Amino acid sequence: MKNKRPTLQDVANLVGVTKMTVSRYLRKPDQVSPPLQIKIGEALEHLGYIPNRAPDILSKSKSHAIGVLVPSLTNQVFAEVIRGIESVLEPAGYQTMLAHYGYSKEAEETRIAALLSYNVDGLIISESYHTERVRKMLSVAGIPVIEIMDSVSPAIEQAIGIDNQAAAYAMTECMIKKGHRKIVYFAARMDQRTLLRIRGYQAAMQDNGLTEMCLSTDSASSFTQGEQFMKEALEKQPDTDGVFCTNDDLAIGALYACQKMGIKIPEEMGIAGFHGHNIARVMVPLLATVITPREEMGRLAAEHLLSRLQGNSVSQKIIDLPFQIEMGESI
């Protein structure tokens with residue numbers, strides 16, 4: 001059972017002042033004394049208080065809005081997830097309030113606080129690891145929360161996603177069975193899902209007695225980054241005969257780099273990606289990739305959220321969706 005959402009009165013009681021004083025601090029902090037500013041700030045943090053910018057909605061009815069938080073609004077992966085979410089929410093009369101956090105835990109805190117301040121009825125978030133402040137806010141918000149994209153990490157309430165580590169292990173195994181031995185992993189952003197995929201790659205290499213090697217960046221993935229990684233891999237390990245990338249963008253960049261250098265694919269270099277973007281399905285050679293059910297993931301998250309808003313309990317805490325290995329022609 002969740003704690004009730006903290007009120008202005010709760011904050012005032014904790015500090016030992018009037019509710020009007022707390023309200024004044026929230027509007028214009030400099031209107032209260034510096035010592036009181038510190039006390040009220042600490043009380044707000046302790047209680048996980050969320051300022052409400054829509055009191056009329058709070059007092060009358062549900063907002064009929066669902067907060068959706070993704071790391072990027074331009075990444076095709078999350079565009080397809082959002083499409084799945086909206087295909088369910090819109091016919092049901094709910095609006096989506098989209099926010100992105102740029103893979104930053106600090107930004108995630110700010111965005112979640114903002115979404116909750118608008119009294120959203122539920123949250124769908126694409127991260128599984130959060131700061132303590134985020135966990136406190138979600139705990140006191142009293143609304144259903146569903147985490148997506150990852151079915152392995154511990155869920156706050158409910159998670160819908162894939163086993164990223166198992167998917168990466170399976171693709172690495174496929175590359176090894178095709179005869180590739182000097183396989184390098186290309187990673188970008190280094191979020192939790194990427195780290196899980198790296199572990200899957202490493203486990204498959206170790207289980208087959210092969211030496212692992214990973215090139216990584218905290219920057220965004222891109223075709224040019226894939227090309228740069230390919231050049232770097234060949235400099236560090238000239239006999240590299242395979243690359244497995246954390247997404248298709250890097251894989252496509254690596255593939256084009258090989259074509260520029262006259263490296264035959266897959267005879268001299270096997271290349272695999274992750275996610276199965278549309279462009280990967282029309283390339284020559286056809287890109288090997290892990291196809292993830294992104295739109296279905298969004299649709300299921302929305303369906304389960306609506307079910308819980310109707311008073312139903314969580315039917316499955318973890319929903320592990322199947323991934324598909326597309327062998328393609330590039331390995």
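Colleague: Which residue comes after α11, and what is its phi like?
Modeller: Helix α11 (a DSSP run of H or I with at least four residues, numbered from the N terminus) is followed by G262, whose phi is positive, near 75°. This is a predicted model, in which local features need pLDDT of at least 70, side-chain atom pairs count only at pLDDT 80 or more, and totals for chains, interfaces and linings use all residues. Residues are numbered from 1 along each chain as its sequence is written, and side-chain values use heavy atoms, with hydrogens and water left out.

Colleague: And what happens at the start of α11?
Modeller: There, a side-chain oxygen of N247 comes to within 3.2 Å of the backbone nitrogen of D249.

Colleague: Why does the span of α11 agree with what it should be?
Modeller: Because the 14 residues of α11 (residues 248-261) should span 20 Å at 1.5 Å a residue, and the end C-alpha atoms are 20 Å apart; the expected span is 1.5 Å times one less than the number of residues.

Colleague: What do the buried residues of α11 pack against?
Modeller: They pack against β6, α10, β8, β9 and β10, with contact meaning heavy atoms within 4.5 Å. Among the buried residues are L250, I252 and C258, where buried means under 20% relative accessible area with a 1.4 Å probe, protein chains only.

Colleague: Switching topic, is V145 buried or exposed?
Modeller: V145, found in strand β4 (residues 145-150), counts as buried because its relative accessibility is 1%. Leaving aside residues up to four places away in sequence, V145 touches L123, I125, L138, E157, Q158, L305 and R308.

Colleague: How far apart are V145 and Q158?
Modeller: They are 13 residues apart in sequence and 7.0 Å apart in space, C-alpha to C-alpha.

Key
Helix = DSSP H or I, 4+ residues; strand = E, 2+ residues; numbered from the N terminus. Buried < 20%, exposed > 50% of the residue type's maximum accessible area, 1.4 Å probe, protein only. Polar contact = N/O pair within 3.5 Å; in protein donor to acceptor, adjacent residues only side chain to side chain.
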